[in-house]
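Reader: Could you walk me through this model before I set anything up with it? I would like to see the reasoning behind each answer.

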Amino acid sequence: MDEDHEMYEMQFPAPDVGPKNGGLTMVVALQGYADAGLAVAGSAGHLIDALDHRPLVNFNNDELVDYRSRRPAVTMVGDAVAESAQLDLSLQVVRDNSGKPFLLLSGPEPDLRWDAFSEAVADLAERFGVQRTVSLYSAPMTVPHTRPLGIIAHGNDRDLLSGHRTWGQRVTVPGAASLRIELELNRRGRKTCGFTAQVPHYVAASDYPLAALRLLEAVADAGDLDFPLGALEREAEKVAEILSEQATDSEEVAGIVRMLEHQHDEEERRRSTLESNPLVRADGTMPSADELGAEFERFLATQIDASSRDDEPARDPGDDDGAAGSEPDEEPGNARGDAGDDAEAAGPDADDRETGDGNRESGDDDDAGHDEPGEDDGGDGRGGRRPRRPWFRF
């Protein structure tokens, strides 16, 4: 607890967070990593500017921030230092348009003590009854601005991921404090998910409000929250107009955009083909070799069962001796199902037939040799061949 008190300070008196069983959502929007288009910072800034908020926990910068890695801006007026920008890493209680509370963890990503920081955040989430945690990310991608901006989701709760495209496979990415928080919450059995905005790489270093807009729409859907997004929509439209003008004025830019459009459309067609493949699951993953083998074994077992049922002799309900349906010119032994005659029929001369002069015509010796000794002729009284079993055996 002493380490926690060194790391953060609780606001006193603490603002009302609401009942612990009210489905509280915590949004994690840490700046500095995976923030293409300044989408993560823009999302947090928009929520703070547009909604009622109260500080709940203030983290100690000296414990978590390396100032040499992120030097705060200093303002000088005349010959004197006037002020230095404050780095605000805090957990705040924010209320959406309907007054529903949620928690917002925002500010610079810590440079130090990630383990202690993630444990402290997880402790706070348990203390205030957080039901789900949503982390925001934004990555530069080779996608054109003329196509819908995509959101990739990940997490441990399928309900939170519904309606979103997921990574669908094993991926390795650089670590982040937000990802460390997700891992700690996963270990504690808490619901988590993360949304990554796919920002065109050529605008990754600029403010791209469309990415912040799409992230906040995903958060609102996951947490059942109501956000004021009109201002972001207007800003996104303005940026789209500027990009369109630049593409029109420069043939080089237009060529790059066309190339990215072609690449994007081809990838969408490929993905659509994969998603229609019955071997591909809904989340884009494919079954392992062991899973495929087990499924194939189950299929073969059903085929063997079906073949065994087909091989059972058909009996006439009105004839207990099974002789119904026998042909008048058949030998008595075959009609009665005599064991001796069956054994003889299964031998190499089973297909021979007597001619009128007492001699036998030789049948197909190769076919006759495949019949198994002691088995009947199918139970239909006509001496028909027994259906062949599948080639496999278990």
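Author: Happy to help; what follows is a short set of questions and answers on this predicted model.

Reader: Which residues line the largest cavity, and which elements give two or more residues to that lining?

Author: A search of the whole structure finds 1 cavity of 30 Å³ or more, with a volume of about 40 Å³. Its lining is made up of Leu-30, Tyr-33, Glu-109, Leu-136, Tyr-137, Ala-176, Ala-177 and Ser-178. By class, that is 6 nonpolar, 1 polar and 1 charged residues. The elements that give two or more residues to the lining are β8 (130-141) and α6 (177-187).

Reader: What span should helix α7 have, and how far apart are its end C-alpha atoms?

Author: Helix α7 covers residues 209-223, which makes 15 residues. At 1.5 Å a residue, counted over one less than the number of residues, the expected span is 21 Å. The end C-alpha atoms agree with that, as they are 21 Å apart.

Reader: Is α7 mostly covered or mostly exposed?

Author: Buried here means under 20% relative accessible area. Residues of α7 that fall in this class include Leu-213, Leu-216, Val-219 and Gly-223. With 12 of its 15 residues buried, α7 is mostly covered.

Reader: Which element gives the largest share of the largest nonpolar core?

Author: That core has 42 residues, and Phe-102, Leu-104, Leu-136, Phe-195, Tyr-208 and Phe-227 touch the most other members. The largest share, 10 residues, comes from α7.

Reader: Leu-136 also lines the cavity; which residues does Leu-136 touch, leaving out those up to four places away in sequence?

Author: Among the contacts of Leu-136 are Leu-215 and Val-219, both buried residues of α7. The full set for Leu-136 is Val-27, Val-28, Ala-29, Val-40, Ser-43, Phe-195, Leu-215 and Val-219.

Reader: Where is Leu-38, and is Leu-38 buried, partly exposed or exposed?

Author: Leu-38 lies in the loop between β2 and α2 (39-50). Its phi is positive, about 50 degrees, although Leu-38 is not a glycine. Because its relative accessibility is 41%, Leu-38 counts as partly exposed.

Reader: What about Asp-224: is Asp-224 buried or exposed?

Author: Asp-224 comes just after α7, in the loop between α7 and α8 (230-249). Its phi is near 55 degrees, a positive value in a residue other than glycine. Since its relative accessible area is 62%, Asp-224 is exposed.

Reader: Which peptide bond is cis, with omega near -5 degrees?

Author: Look in the loop between β1 (8-10) and β2 (24-31), where Pro-13 is found. The cis bond, with omega near -5 degrees, runs from Phe-12 to Pro-13.

How values were computed. Residues numbered from 1 in each chain as written. Predicted model: local features only at pLDDT ≥ 70, side-chain atom pairs only at ≥ 80, totals over all residues. Heavy atoms only, no water. 1 Å grid on protein atoms, 1.4 Å probe; cavity = no way out; pocket = protein on both sides within 12 Å on 5 of 7 lines; lining within 4 Å. Points joined across faces, edges and corners; volume = space filled by probe spheres on them. Helix = DSSP H or I, 4+ residues; strand = E, 2+ residues; numbered from the N terminus. Nonpolar A, V, L, I, M, F, W, Y, C, P; charged D, E, K, R; others polar. Buried < 20%, exposed > 50% of the residue type's maximum accessible area, 1.4 Å probe, protein only. Core = buried A, V, L, I, M, F, W, Y, C linked by side-chain atoms within 4.5 Å. Contact = heavy atoms within 4.5 Å.
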